[in-house]
Amino acid sequence: MAPTLSIATGLLLFSISGFNCFAHTIFQELYVNGVDQGQLNGIRVPDYDGPITDVTSNGEHKHLLVDIICNGGINPYHQPISQTIVPVPAGAQVTAEWHHTLAGADPTDPADPIDSSHKGPVISYLAAIPNATQTDVTGLKWFKIWEDGYIASNQTWGVDRLIANKGKVTFDIPSCIPAGQYLLRHEIIALHAASSYPGAQFYMECAQLQITGGGNTEPSTVSFPGAYAGTDPGVTINIYYPPVTNYTVPGPDVFTC
Ligand SMILES: [Cu+2]
């Protein structure tokens, strides 16, 4: 019986790590205090919805350095890249909307906004930038403003809540940060194949913001690449067994004013 069992186990593991390879997602629409800013408007979106799996994005593919920052390397940007900079009052409530493809919402697609296998956290970062439409995104200083990880009491992930909200994720822009131009790096980390590294799938796009009002608080920051490592317990994790009881979202603590 042992060989049969191991074949069955192997098939099970293959199906867990191999299914829905193309059921990915793209952050593609932004709302400010409930006002829709328009699909693809002010967001650097790729045409293809595939993940980034290299948190360092250097290795032998140094030209892919930007991938873990704002995507756009192995998944080239949809052209022309939006030149819109979205005005956002400090303290505003913003909503990011994800869909399976750039075609937008599709109620007939069981993998829209993202396949339910893609369990993991949803995270938002900001970085000040001289010009929110500038191409170069290296060297920016990022701070985390929001995260939705795992709730052990009902075994649900940020992605589960995103799906329940039809792709929409709502969070606040800090009220105390300096006015100016920023990139909003909004991210899903899908952990269905994350039991070894590389395996976790990073999905992120960057929205171009003009934050108005605000204050004088300068958050402490991290770099991309650099904020994540393959050895992070929130990056390399088997989410199936043993059952997750405590999950640490990768990256720094959430900044609060
Ligand atoms: Cu996927």
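Let me start with D160, which is buried at a relative accessible area of 19%. The cut-off for buried is under 20%, so D160 falls inside the class. This is a predicted model, so please hear every value as computed.

What does D160 pair with? It forms a salt bridge with K119, and the closest N and O atoms are 2.9 Å apart. That pair links distant parts of the chain: D160 sits in helix α3, residues 158-164, while K119 sits in the loop between β5 and β6, 41 residues away. K119 itself is partly exposed, with a relative accessible area of 26%. As a general point, side chains of opposite charge can pair when their charged atoms come close.

The count of salt bridges comes to four. Another of them joins E147 to K144, with 2.7 Å between the closest N and O atoms. Here the acid, E147, is partly exposed at 32% relative accessible area, and the lysine, K144, is buried at 1%. One more joins R185 and E187, with the closest N and O atoms 2.9 Å apart. R185 is buried at 0%, and E187 also counts as buried, at 0% relative accessibility.

R185 and E187 bring me to M204, because both are on its contact list and M204 is buried too, with a relative accessible area of 0%. M204 lies in strand β12. Leaving out residues up to four places away in sequence, M204 touches I52, D67, I68, I69, C70, N71, W98, R185, H186 and E187. Take I68 from that list: M204 and I68 are 136 residues apart in sequence, and their C-alpha atoms are 7.8 Å apart in space.

Now the metal. Which residues hold the copper ion? The protein donors are H24 through ND1, H118 through NE2 and Y203 through OH, at 1.8 to 2.5 Å from the ion. Along the chain the donors follow the spacing H-x93-H-x84-Y. H24 lies in the loop between α1 and β1, and Y203 lies in strand β12, so this pair ties together parts that are 179 residues apart in sequence. Both H24 and Y203 are buried.

Strand β12, residues 201-212, therefore carries a copper donor, Y203, and it also carries M204. It has a partner strand as well: four bridges join β4 to β12, and the two run parallel. P87 is one residue of β4 to look at, and its bridge partner in β12 is Q210. Strand β4, residues 86-89, has a covered face made of V86 and V88, and an uncovered face made of P87 and P89. In a regular strand the side chains alternate between the two faces of the sheet.

Next, an open sheet. Four strands form it, in the order β2-β1-β5-β10, with antiparallel pairing. β2 and β10 stand at the edges with a single partner strand each, so one side of each is left without a neighbour in the sheet. At the β2 end, two bridges join β1 to β2, and V32 has V35 in β2 as its bridge partner. Strands of a sheet pair through backbone hydrogen bonds, either parallel or antiparallel.

On to aromatics. How many aromatic pairs does the structure hold? There are 11. One of them is F27 with W98, a tilted pair, 6.0 Å centre to centre with 45 degrees between the planes. F27 is in strand β1 and W98 in strand β5, 71 residues apart, so the pair links distant parts of the chain. F27 is buried at a relative accessible area of 0%, and W98 is likewise buried at 0%. W98 came up earlier among the residues that M204 touches. Elsewhere, Y125, W142, F202, F224 and Y228 form one aromatic cluster.

Last, the whole chain. The protein has three helices and 12 strands. Of its 257 residues, 51% count as buried. Among contacts with a separation of 6 or more, 78% are between residues 24 or more positions apart. The protein exposes about 11,600 Å², of which carbon and sulfur atoms supply 57%.

Key: Residues are numbered from 1 along each chain as its sequence is written. This is a predicted model: local features need pLDDT of at least 70, side-chain atom pairs count only at pLDDT 80 or more; totals for chains, interfaces and linings use all residues. Side-chain values use heavy atoms; hydrogens and water are left out. Donors are N, O and S atoms within 2.8 Å of the metal (3.2 Å for Na, K and Ca); water is not among the atoms, so sites may look incomplete. Buried means under 20% relative accessible area, exposed over 50%, partly exposed in between (1.4 Å probe, protein chains only). Contact means heavy atoms within 4.5 Å. Two strands pair if DSSP finds at least two bridges between them. A salt bridge is a side-chain nitrogen of Lys or Arg within 4 Å of a carboxyl oxygen of Asp or Glu. Accessible areas come from the Shrake-Rupley method with a 1.4 Å probe; for residues, only the protein chains shown count as cover. Rings of Phe, Tyr and Trp (its six-membered ring) pair if their centres lie within 6.5 Å; planes under 30 degrees apart count as stacked, over 60 as edge-to-face and the rest as tilted.
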